[in-house]
Amino acid sequence: MAEIRLSETRDLTRIERIGAHSHIRGLGLDSSLEPRAVSEGLVGQLSARKAAGVILQMIKDGRIAGRGVLIAGQPGTGKTAIAMGLAKSLGQETPFAMLSASEIFSFEMSKTESLTQAFRKAIGVRIKEETEVIEGEVVEIQIDRPAVAGAASKTGKLTLKTTEMEACYDMGLKLIEAMGKEKVQSGDVIALDKASGKITKLGRSFSRSRDYDAMGPQTKFVQCPDGELQKRKEVVHCVTLHEIDVINSRTQGFLALFTGDTGEIRAEVREQIDTKVAEWREEGKAEVVPGVLFIDEVHMLDIECFSFLNRALENEMAPIFVVATNRGHTVIRGTNYRSPHGIPIDLLDRLLIITTQPYSEDDIRKILDIRCLEEDVDMSEEAKVLLTKIGVETSLRYAIHLITSSGLACQKRRGRIVEMEDISRVYQLFLDVKRSTQYLMEYQSQYLFNEVPAREGNENEASDMLS
């Protein structure tokens with residue numbers, strides 16, 4: 001008898017990509033905002049995480065709108081990780097816009113327009129709307145098909161019931177097509193929006209739970225609705241101010257959001273939208289939700305952007321402004337003046353500053369353990385000790401880069417657990433910054449367009465670059 005082999009196929013669209021911060025789930029705080037040593041993907045940085053937790057609570061209470069936070073620290077100390085943890089802790093309903101400062105100079109629009117759009121992406125509007133809904137359990141679906149094809153359109157009848165009443169509705173062609181698309185059958189509990197004709201399948205009635213001997217895990221059972229079939233429900237739509245701007249400023253409406261052709265939006269359009277949103281707030285139809293705008297590498301902004309930010313933070317519709325930088329005393333871009341972190345003093349005075357500290361050896365080991373789990377790499381204890389030592393002597397980022405590459409080296413020798421020899425192999429293949437700089441200084445004369453002058457201070461420059 002011939003052996004049948006089943007080939008294993010993988011859906012590439014469903015494979016979740018592993019990113020630099022994909023292991024972060026939140027800030028790792030308890031109910032009293034005290035940081036845990038290792039929690040939700042974050043390790044160490046207890047004071048910085050506690051400060052971020054206080055900011056998080058103020059954001060949730062709506063007490064920090066129009067203010068800014070600066071996360072400052074050396075490279076590789078978890079500044080972006082804390083910002084990502086803040087975003088995860090806020091949840092899905094709070095808008096969180098993230099961009100790098102260098103992106104502002106690459107858009108096909110002015111810098112102030114780019115910043116304005118980023119600000120309005122971080123401001124959410126919850127629009128409340130009352131709609132009439134028919135909600136009940138499907139008793140019977142009757143569809144009358146014409147005897148001759150094309151002679152007349154299909155018609156039908158839909159019988160719905162609640163615990164108190166039962167009614168029959170006539171169905172047109174569009175409703176019949178919607179029912180077929182949702183695969184509605186007798187025993188399902190559905191909600192029908194009278195205005196749009198949209199059908200939502202809520203689940204299957206408990207009274208029909210014994211219709212079949214076996215059902216899939218996705219089958220959801222719900223109670224049969226009570227009361228009247230026709231009800232008025234409040235529906236909440238969550239959008240950002242930028243999305244409202246685009247819809248009202250483009251002829252194609254909301255389709256412009258998918259094409260990406262937003263372009264510059266006129267100030268008159270924004271003023272009209274702000275006036276309308278203010279009216280909705282007074283009438284109780286809408287609620288403004290200040291979100292978070294996170295700008296990484298903020299020292300890349302120039303003096304014009306900083307001047308705009310000073311004014312934008314004073315606006316009553318301003319979101320919470322969070323920035324991060326790894327620079328010390330440096331020149332403000334666009335000027336000859338030096339300032340802490342490359343940010344003007346007047347803007348620094350508006351920011352609450354959170355500092356991050358270099359990771360200890362124990363923290364590096366815990367982070368590497370988390371990354372090994374995230375990247376699905378089994379590593380021996382000796383290999384983890386060696387990788388931790390490499391992370392202390394070089395950098396944490398370099399040590400993290402070696403995890404997947406050492407896993408591939410282990411697969412090459414058909415091993416299952418990464419050993420010290422795999423770490424040593426990839427350590428020799430890929431140079432870190434210090435070894436690369438040393439190699440460059442030794443062979444700089446053989447490179448094209450070498451601009452380092454040959455003088456007695458070369459050794460001092462090499463040592464400065466390595467340090």
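Strand S2 (42-43) and helix H2 each give at least two residues to the lining of the second largest cavity. This is a predicted model, and the cavity in question has a volume of about 30 Å³. Its lining consists of Leu 42, Val 43, Gly 44, Gln 45, Arg 49, Gly 78, Ala 81, Ile 82 and Tyr 359. By class, that lining has five nonpolar, three polar and one charged residues.

A search of the whole structure turns up two cavities of 30 Å³ or more. The largest holds about 50 Å³ of space. Around the largest cavity stand Ala 52, Ile 55, Val 69, Ile 71, Ile 82, Ala 83, Leu 86, Val 322 and Ile 354. Three elements supply at least two of these residues each: helix H1 (46-61), strand S3 (68-72) and helix H2 (79-90). H2 gives the most, with three residues. The lining is nonpolar throughout: nine nonpolar residues, no polar and no charged ones. Ile 82 is listed in the lining of the largest cavity and also in that of the second largest cavity.

Next, the open spaces. The second largest pocket has a volume of about 360 Å³. It is lined by 17 residues. Nearest its centre lie Thr 116, Arg 120, Arg 270, Phe 308 and Asn 315. The elements that give two or more residues to this lining are helix H3 (111-121), helix H7 (267-283) and H8. H7 provides the largest share, four residues. Charge has a place here: the lining divides into nine nonpolar, two polar and six charged residues.

Now step back to the whole chain. It has 15 helices and 17 strands. Of its 467 residues, 40% are buried. Take the contacts between residues at least 6 apart in sequence: 65% of them join residues at least 24 apart.

Two helices show how burial is arranged. Start with H4, residues 173-181. Its buried residues are Leu 175, Ile 176 and Met 179. Seen down the axis of H4, these fall within an arc of 100°, so they line one face of the helix. The general rule behind such a face is simple. An α-helix has 3.6 residues a turn, so residues three or four places apart point the same way. The face of H4 turned away from the buried side carries the exposed residues Lys 174, Gly 180 and Lys 181. What covers the buried residues of H4 includes five strands: S5 (123-144), S6 (155-161), S7 (166-171), S8 (188-193) and S9 (199-205). Just after H4, Lys 183 takes a positive phi of about 55°.

The other helix is H11, residues 381-393. Does its length match or depart from what its residue count predicts? At 1.5 Å a residue, its 13 residues should span 18 Å, and the end C-alpha atoms are 19 Å apart, which agrees. Ala 383, Lys 384, Leu 387, Thr 388, Ile 390 and Gly 391 are buried in H11. They cover an arc of only 160° around the axis, which puts them on the same side of H11. The buried residues of H11 pack against helices: H10 (361-374), H12 (396-412) and H13 (420-429).

Backbone angles come last. Most residues other than glycine have a negative phi. Which way does phi go at Glu 297, positive or negative? Glu 297 has a positive phi of about 55°, although it is not a glycine. Glu 297 sits in the loop between strand S13 (292-296) and helix H8 (303-312). Glu 297 is partly exposed, with a relative accessible area of 26%.

His 341 also is not a glycine, and its phi is positive, at about 65°. His 341 is found in the loop between strand S16 (338-340) and helix H9 (345-348). Is His 341 buried or exposed? At 19% relative accessibility, His 341 counts as buried, because the cut-off for burial is under 20%.

Notes. Residues are numbered from 1 along each chain as its sequence is written. This is a predicted model: local features need pLDDT of at least 70, side-chain atom pairs count only at pLDDT 80 or more; totals for chains, interfaces and linings use all residues. Side-chain values use heavy atoms; hydrogens and water are left out. The expected span of a helix is 1.5 Å times one less than its number of residues. Buried means under 20% relative accessible area, exposed over 50%, partly exposed in between (1.4 Å probe, protein chains only). The arc is that of the directions from the helix axis to the C-beta atoms. Contact means heavy atoms within 4.5 Å. On a 1 Å grid over the protein atoms alone, a cavity is a set of points where a 1.4 Å probe fits but cannot get out, and a pocket is an open set with protein on both sides within 12 Å along at least five of seven lines; lining residues have an atom within 4 Å of a point. Grid points are joined across faces, edges and corners, and a volume is the space filled by probe spheres set on the points. Ala, Val, Leu, Ile, Met, Phe, Trp, Tyr, Cys and Pro count as nonpolar, Asp, Glu, Lys and Arg as charged, and the others, Gly among them, as polar.
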